[in-house]
Amino acid sequence: MAEPLDRIDLKILRLLQKDGRLTNAELAETVAISPATCHRRIQRLFRDGYLTGVRALVDPSKLDLGTLVMVGVVLDRSTPDSFADFETAAAKLSCVLDCHLVAGDFDYFLKIRVGDMADFNRIHGSQLIALPGVRQTRTFFVMKEVVDNRPLDF
């Protein structure tokens, strides 16, 4: 069973969320604990699932992936098997950054990064509509990313 988080754990999480490149020594100094204690706490935060990974944020436009597209997907059936089949196939598409099961007019929302509209058109025609159980898609081209990947507020 996971230990409850104390104020030091929360501070470590906030600091790492803001800058995942902080060294153990820098974290330890900032939260006023020894490096060994800091290391043990970070390992526990990983073990207990509070930290799930560390990675760099890459500017998509620098890699010619500046077009963000949200796609609403409606499946032809609402069964556990059809959901599982769709989710398995969608998870294999490298262009799909996020896939969320939602309530409302759509079954899923996909967040997709592409180079341009022609790139999306190719992917839509060859991959998205071929996903299992897809009855309908609705595409939303993002005109401006106002808030993206904001750190959690806790």
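## Working through a predicted model

Aspartate 9 and arginine 41 meet in a salt bridge, with their closest N and O atoms 2.7 Å apart. Keep in mind that this is a predicted model.

**Exercise 1. Work out which parts of the chain the pair aspartate 9 and arginine 41 ties together.**

Start by placing the two residues: aspartate 9 sits in helix H1 (residues 7-18) and arginine 41 in helix H3, so the salt bridge ties together parts that are 32 residues apart in sequence. Next, check the surroundings: both aspartate 9 and arginine 41 are buried. Then zoom out to the whole structure, where a search turns up ten salt bridges.

**Exercise 2. Find where the salt-bridge partners aspartate 98 and lysine 111 lie, and decide how accessible each one is.**

First, the contact itself: the side chains of aspartate 98 and lysine 111 form a salt bridge at 3.9 Å, N to O. This one links distant parts of the chain, since aspartate 98 belongs to strand S2 and lysine 111 to strand S3, 13 residues apart. Now for accessibility. Aspartate 98 comes in at 29% relative accessibility, so call it partly exposed. Lysine 111 has a relative accessible area of 17%, and buried means under 20%, so lysine 111 counts as buried.
Still on salt bridges, Glu3, Asp6, Asp9, Arg41 and Arg44 are joined into one network through shared partners.

**Exercise 3. Compare that with the salt bridge between arginine 77 and aspartate 76: are these residues buried or partly exposed?**

Here the closest N and O atoms of arginine 77 and aspartate 76 are 3.8 Å apart. Arginine 77 has a relative accessible area of 47%, which makes it partly exposed. Aspartate 76, at 45%, also lands in the partly exposed class.

**Exercise 4. Lay out the sheet: in what order do the four strands come, and which ones are at the edges?**

Reading across, the order is S2-S3-S1-S4, in an open sheet with antiparallel pairing. The edges are strand S2 (96-101) and strand S4 (134-141), each of which pairs on one side only. Ignoring direction, neighbouring strands are turned by 20° against each other on average. Now look inside the sheet: S1 (residues 67-75) and S3 (residues 108-114) run antiparallel and are joined by seven bridges. Lysine 111, in S3, is the bridge partner of methionine 70.

**Exercise 5. Identify the largest nonpolar core and the elements that build it.**

A handy rule of thumb first: in soluble globular proteins, nonpolar side chains tend to be buried together. In this model, the largest nonpolar core holds 19 residues, and Val71, Val73, Phe86, Leu110, Ile112 and Leu128 have the most contacts inside it. S1, helix H4 (80-91), S3 and helix H5 (117-128) each give two or more residues to this core. Apart from it lies another core of 13 residues, including Leu13, Ile33, Ile42 and Leu45. To finish, pick out leucine 110: among the residues it touches, leaving aside those up to four places away in sequence, are Val69, Phe86, Val96 and Leu128.

**Exercise 6. Describe residues 5-66 and the setting of lysine 62.**

The unreviewed UniProt entry annotates residues 5-66 as "domain: HTH asnC-type". In the model, this span is 53% helix and 0% strand, and its end C-alpha atoms lie 38 Å apart. Lysine 62 falls in the loop between helix H3 (35-47) and S1. With a relative accessible area of 69%, lysine 62 is exposed. Its C-alpha atom is separated by 31 Å from that of isoleucine 12, 50 residues away along the chain.

Notes: Residues are numbered from 1 along each chain as its sequence is written. This is a predicted model: local features need pLDDT of at least 70, side-chain atom pairs count only at pLDDT 80 or more; totals for chains, interfaces and linings use all residues. Side-chain values use heavy atoms; hydrogens and water are left out. Two strands pair if DSSP finds at least two bridges between them. Axes are lines fitted to C-alpha atoms, for helices over the stretch in contact, and angles run from 0 to 180 degrees between N-to-C directions. UniProt positions are given in the numbering used here, feature names are shortened, and annotations may be inferred rather than shown by experiment. Buried means under 20% relative accessible area, exposed over 50%, partly exposed in between (1.4 Å probe, protein chains only). A nonpolar core is a set of buried Ala, Val, Leu, Ile, Met, Phe, Trp, Tyr and Cys residues joined through side-chain atoms within 4.5 Å. Contact means heavy atoms within 4.5 Å. A salt bridge is a side-chain nitrogen of Lys or Arg within 4 Å of a carboxyl oxygen of Asp or Glu.
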